[in-house]
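Please open your viewer and keep the selection tool at hand. We will go from one stop to the next, and at each stop you will be told what to select and what is found there.

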Amino acid sequence: MSLSRGDGFVHLADYRAPAWRVLHAGLVFELDPAATTVESVLSLEPDPARPGQPVTLDGEGLELLAIELDGRALGGDGYAYDGHQLTILDPGRACELRTRVRIHPDANTRLEGLYQSGRLLLTQCEAQGFRRITFMADRPDVMPRWRITLRAARDAFPVLLANGNPVSSRGLGDGRHEAVWENPHPTPAYLFAIAAGELGRVTKTLRTAEGREVELNVWAEPGDVERCRYALGAVERSLRWDERRFGRGYDLDVFNVVAAQDFTMGAMENKGLNIFNARYILADEATATDADFLAIESVVAHEYLHNWSGNRVTLRDWFQLSLKEGLTVFRDTEFSSDLHSRALKRIEVVRLLRGRQFAEDAGALAHPVRPDRYKEISNFYTLTIYEKGAEIIRVLHTLVGEDTFRAGMDRYFADNDGKAATLEDFLAAHAAASGRDLAQFARWYAQAGTPELAIRADFDAASGDYTLTIDQHTPATPGQPEKQPLLIPLRFALYDADGGEITTPPEADAVVREGMAELTAARHVLRWRGLRGRPLPAFNHGFAAPVKLQVDYSVDELARLARLERDAFNRWDLLQRLATDALLGAAHAEAATQTLSDVLADLLEDTSADPAFVAECLALPDFDTLAEQVDEVDVEALVGRREELLDRLAEDQVERLQSRYEALADVAAGGLDGPEMSARALRNACLSWLTRLDPQAALAEAQFAAANTMTARLAALRCLLHFQAPGAEAALAAFQQQFRHDPLVTDKWIALVATRPHPEALADVEALMASNWWKATNPNRVRALLGSFARSNPLGFHRRDGAGYRLVATQVASLDAINPQVAARLLGAFESWRRWTAPHRGPAREALAALEGKLGSPDGRDLLERLLG
């Protein structure tokens, strides 16, 4: 798609199919970090419906060495190349285009296309990185079959990997060798990948449900191979789960995963050769936390599951991005829920939604899940695309049920296998399977913003009539001042005075079935008649829809519901509401605080409850979640109230906390089974609360000294650093020394330093940036230091003197020239600046304004324009 309107935007409405198809791509790489040559042979075929069109191929900053059309060298009058696009006048027929270009991986700090990471050569092509390798119609609806030949010095690059299946390998003499790979499936260029270098692997061969022998390999630099075993197991679990739950089999002879220390994203689902950020592959109990292990399993599943939802069925254009990302997040979330605790996974997802995605939906960077235009597609790899996109799929699943949803997915995959699909194709498959009209449901994709449901209850004691009035509203967002009602499944339950559930269906102007109302209008009324007393309602069970609820509960009602609800997620959610009332409900904050403390006491004494669930209940709503509950964010006041509440609750529960901490010691000692992870989760939560009451942090210091897992060690170090304990400096030095050669563990302690909850943490960040620990070219290090500071240290980032803002803005300008995607994501920390109180809003505006004219990338300029506009 092109910028056809001259306004700087790519528009969904301007989509046109390519005038030329690429049927086959044959590539030959002569690999060298300083100067790699790429010879490409493209088999081109014109679209009969669009005769007379020139061949236009994308090519960003390529050094063109040779060009031939059907074996004939083209002179300067036969083509044009402006550094961005190669144009060849209409050949008039199917033809073969051969080009040879030179690129420079060792100078590629953007980490797009082919780049060097340590001693490895790797690629990252999504969304538009392939054009930095060689010429191609670099768009997802151009899907050639591929043959890839890699040639390199054997001593420097003994392993040569590419997409698809291995075809052959041979020596070339002079210490060089060659490997040939073939991808038989039609695949767009954004899924292209190669990896070359000194790599070791863990491997397993299995037989799929369809009878195919598949070799699974996880590759890493030789010293890291043993830490790949957990990831290999996660690949197998993902493959088996997709066979069972969705009936999807793997379709190649080999599945390769490679760990990269330098990688902008989390991982990439390239066909048959997934390349991962090393943080989502390398793990053992000495260097990775329990959260790391669960994240590795989840991300491995996400990328593997893309094999069908993204690869076999890909995207017509980038406007459909959530069709692969949102759908696959839904699938990987279901994978984790099926293998572990569904309630805990739901809590994890909802925390992210409320803390981050809702803020994105309410800020300057709000956008629909399928936008109608964009300037820079890299800026739309957002929580809205991924997490809200997944929640929209969950809404559909809730509406139609598991069996019908599976039938819709089967039809979608069957109808679109090997094709580039749209959201309309996805909805058509589900409409056919369910027999439902999904036109209103499709508004979820077109409208930005988080819907709000205001629910008012009325009870007439004389008649026993109980009425719920439900008003739906979505606030205005940039470019969308008016919103239409969405199709929202609202799950609900009514409890009587004895705690029994009232199962009588209401009279309603909405479709109501099995405790769920389908909201379609701006207002709905549900009415029950002849009830013996005023019931107690509960709403949005399981967070069935990504909405904000406005329901007036008393403190006593919240406490009663928290004890009545049998679903663990709903119990947690009600405690979060109690905590929010204790923090923000001025009229009854004290009552909410005492009630919350009482309920937490019951939980801490309940040894039958999952310790990990109790740990989640001890985790109060974080700063970002609370900030979404207020119209204007007073940073210091909000942080202060939260700290005061935590101190109060810790004092109330000290004996129970100490008892649970001690009782769980043996189970928490080691291992990766569920009970062991759960025990560590609660022990570490107890440790954090107990350290609040001990200025010497003796318990944290003892745990740090005795820890035999990274989970226990890092939790103790966090307590020592964040509560400024006397032993913090010595513990940090010991930790640094022990893990000084491990970049991933180094990122962990750097993040702890960057998030020390104090305005003076800014000095720590500046000191680290002036040290040898700082690596501006490594995305993980940038995220660990600057990303953690900007996103997870409100007192440091939001200093009243604006120094935190200036530091981050200055680094955005510097990083923009190194890796624009990393810089743009860091700039996103300012997304809600207009809602900050005046002492913060002014300095934030000044820091952003100072960036005008200093950002060279379209990524940065696009975001800055939206933030200031």
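Begin by selecting β10 and β11, which form a hairpin with two residues between them; in the turn you will find glycine 118, whose phi is positive at about 60°. Please keep in mind throughout that this is a predicted model.

Stay with the hairpin and look at how its two strands lie side by side. Strand β10 covers residues 113-117, and it pairs with β11 in the antiparallel sense over five bridges. Which residue stands opposite leucine 122 of β11? Select tyrosine 115, and you will have that residue in view.

Now turn to the other partner of leucine 122, which is alanine 195 in β16. Strand β16, residues 194-197, runs antiparallel to β11, and two bridges join them.

Before leaving β11 (120-124), display its side chains and ask which residues lie on each of its faces. Leu120, Leu122 and Gln124 are on one side, while Leu121 and Thr123 are on the other, and all of them are buried, so that both faces of the strand are covered. Because five of the five residues of β11 are buried, where buried means under 20% relative accessible area, the strand is largely enclosed by the rest of the structure.

Follow the chain onward from β11 into the loop that leads to β12, and select alanine 127, which has its place there. The peptide bond that joins glutamate 126 and alanine 127 is cis, with an omega of about 5°.

The next stop is β12 itself, residues 145-153, which pairs with strand β2, residues 20-30, in the parallel sense over seven bridges. If you select leucine 27, its bridge partner in β12 is isoleucine 148.

Widen the selection now to the whole sheet, in which eight strands follow the order β6-β5-β9-β3-β2-β12-β15-β14. The sheet is open, and its pairing is mixed. Which strands stand at the edges? They are β6 (72-73) and β14 (165-173), and since each has a single partner strand, one side of each is left without a neighbour in the sheet.

Two loops beside these edge strands deserve a visit. Select aspartate 70 in the loop between β5 (63-69) and β6; its phi is near 50°, a positive value in a residue other than glycine. Aspartate 70 is partly exposed, with a relative accessible area of 38%. Then select aspartate 174, found in the loop between β14 and β15 (176-183). Here phi is near 55°, again a positive value in a residue other than glycine, and aspartate 174 counts as exposed at 81% relative accessibility.

Finally, zoom out until the whole protein chain is in view, with its 26 helices and 33 strands. The radius of gyration is 28 Å, close to the 29 Å that the globule rule gives for 869 residues, so the chain is as compact as a globular protein of that length. Along its principal axes the C-alpha trace spans about 90 × 65 × 60 Å.

Of the 869 residues, 60% count as buried, and the chain exposes about 32,600 Å², of which carbon and sulfur atoms supply 48%. Among the contacts between residues at least 6 apart in sequence, 70% join residues at least 24 apart. As a last selection, colour the 96 positive and 125 negative charges, whose mean positions are 3 Å apart.

Notes:
Residues are numbered from 1 along each chain as its sequence is written. This is a predicted model: local features need pLDDT of at least 70, side-chain atom pairs count only at pLDDT 80 or more; totals for chains, interfaces and linings use all residues. Side-chain values use heavy atoms; hydrogens and water are left out. Helices (H or I, at least four residues) and strands (E, at least two) are DSSP runs, numbered from the N terminus. The radius of gyration is taken over C-alpha atoms; the globule rule is 2.2 Å times the number of residues to the power 0.38. Buried means under 20% relative accessible area, exposed over 50%, partly exposed in between (1.4 Å probe, protein chains only). Contact means heavy atoms within 4.5 Å. Accessible areas come from the Shrake-Rupley method with a 1.4 Å probe; for residues, only the protein chains shown count as cover. Lys and Arg count as positive and Asp and Glu as negative; His and the chain ends are not counted. The place of a charge is taken as NZ of Lys, CZ of Arg, CG of Asp or CD of Glu. Two strands pair if DSSP finds at least two bridges between them.
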